[in-house]
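Trainee: Please take a close look at one part of this model, the salt bridges and what lies around them. I would like one connected account.

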Amino acid sequence: MPLNRRMELKNVVFTGRDQAEASIGWPHWAVISITAEQPADLKEGWHSILSLEFDDIDVVGDFDAPKPYILFNESHASRIIEFAKAVRDSHKVEGILVHCQAGISRSAAVAKWIAEKYQLPFAESYSLYNKHVYRLLREEMLRRHLVESAQEEEGGK
């Protein structure tokens, strides 16, 4: 495929860390790398990579853990939204690979949101995604939409 060809975002997939680290870099794919501690050791060659650190939890609590857990927040949601928009708008990316440790919950929530936002395929019956992550992504998009609508209304006066 010629490197200067205009591409449209067509795919989003989620997987576990081991598979993401074992994969060669795909120049027409971007990666959202979600870890809880050590950054993933991804191979070179990906179009772009967004690395985030948060745990697979949906509430703040006392978990008797040696380290404090990191709850997905509005800042994480904002970074994902901006990254997905940037790679889509680049017209150099045809897919986004989202990975977390197991490839079941956090990455699935992000992939589900991306699929809905950009009308990409996602298995509707898949229900193991992290509901907190998914809800915050949707809420941040709604908040942005309301701000834009208010700004447009102010501009029209």
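Mentor: Glu140 and Arg144 sit four residues apart in helix 4, so about one helical turn separates them. In this predicted model, their side chains meet in a salt bridge, with 3.1 Å from N to O. Arg144 has a relative accessibility of 17% and therefore counts as buried, the cut-off being under 20%. Glu140, at 6% relative accessibility, is buried as well.

Glu140 has a further partner in Arg143, and the closest N and O atoms of that salt bridge are 2.7 Å apart. Here the spacing is three residues, again about one turn of helix 4. Arg143 is partly exposed, with a relative accessibility of 43%. Together with Glu82, the residues Glu140, Arg143 and Arg144 are linked in a network of salt bridges. The structure holds eleven salt bridges.

The network leads on to the largest pocket, since Glu82 and Arg144 are both among the residues that line it. The rest of the lining consists of Ile81, Lys85, Arg88, Lys117, Tyr118, Met141, His145 and Glu148. Helix 2 (74-90) and helix 4 (131-155) are the elements that give two or more residues to this lining. By residue class, the lining divides into six charged, three nonpolar and one polar. The volume of the pocket is about 200 Å³.

A further salt bridge can be set beside those of helix 4. In helix 3, Lys112 and Glu116 are four residues apart, so they too are separated by about one helical turn. Their side chains meet in a salt bridge at 3.4 Å, N to O. Lys112 is buried, with a relative accessible area of 7%, whereas Glu116 is partly exposed at 35%.

Between these two helices, the loop that joins helix 3 (106-117) to helix 4 contains Asn130. Asn130 is buried, with a relative accessible area of 5%. A polar atom of the Asn130 side chain lies 2.9 Å from the backbone nitrogen of Val133. Leaving aside residues up to four places away in sequence, Asn130 touches Asp56, Ile57, Asp58, Ser105, Arg106 and Ala109.

Conventions: Residues are numbered from 1 along each chain as its sequence is written. This is a predicted model: local features need pLDDT of at least 70, side-chain atom pairs count only at pLDDT 80 or more; totals for chains, interfaces and linings use all residues. Side-chain values use heavy atoms; hydrogens and water are left out. On a 1 Å grid over the protein atoms alone, a cavity is a set of points where a 1.4 Å probe fits but cannot get out, and a pocket is an open set with protein on both sides within 12 Å along at least five of seven lines; lining residues have an atom within 4 Å of a point. Grid points are joined across faces, edges and corners, and a volume is the space filled by probe spheres set on the points. Ala, Val, Leu, Ile, Met, Phe, Trp, Tyr, Cys and Pro count as nonpolar, Asp, Glu, Lys and Arg as charged, and the others, Gly among them, as polar. Buried means under 20% relative accessible area, exposed over 50%, partly exposed in between (1.4 Å probe, protein chains only). A polar contact is a pair of N or O atoms within 3.5 Å; within protein, one must be able to donate a hydrogen and the other to accept it, and residues adjacent in sequence count only if both atoms are side-chain atoms. Contact means heavy atoms within 4.5 Å. A salt bridge is a side-chain nitrogen of Lys or Arg within 4 Å of a carboxyl oxygen of Asp or Glu.
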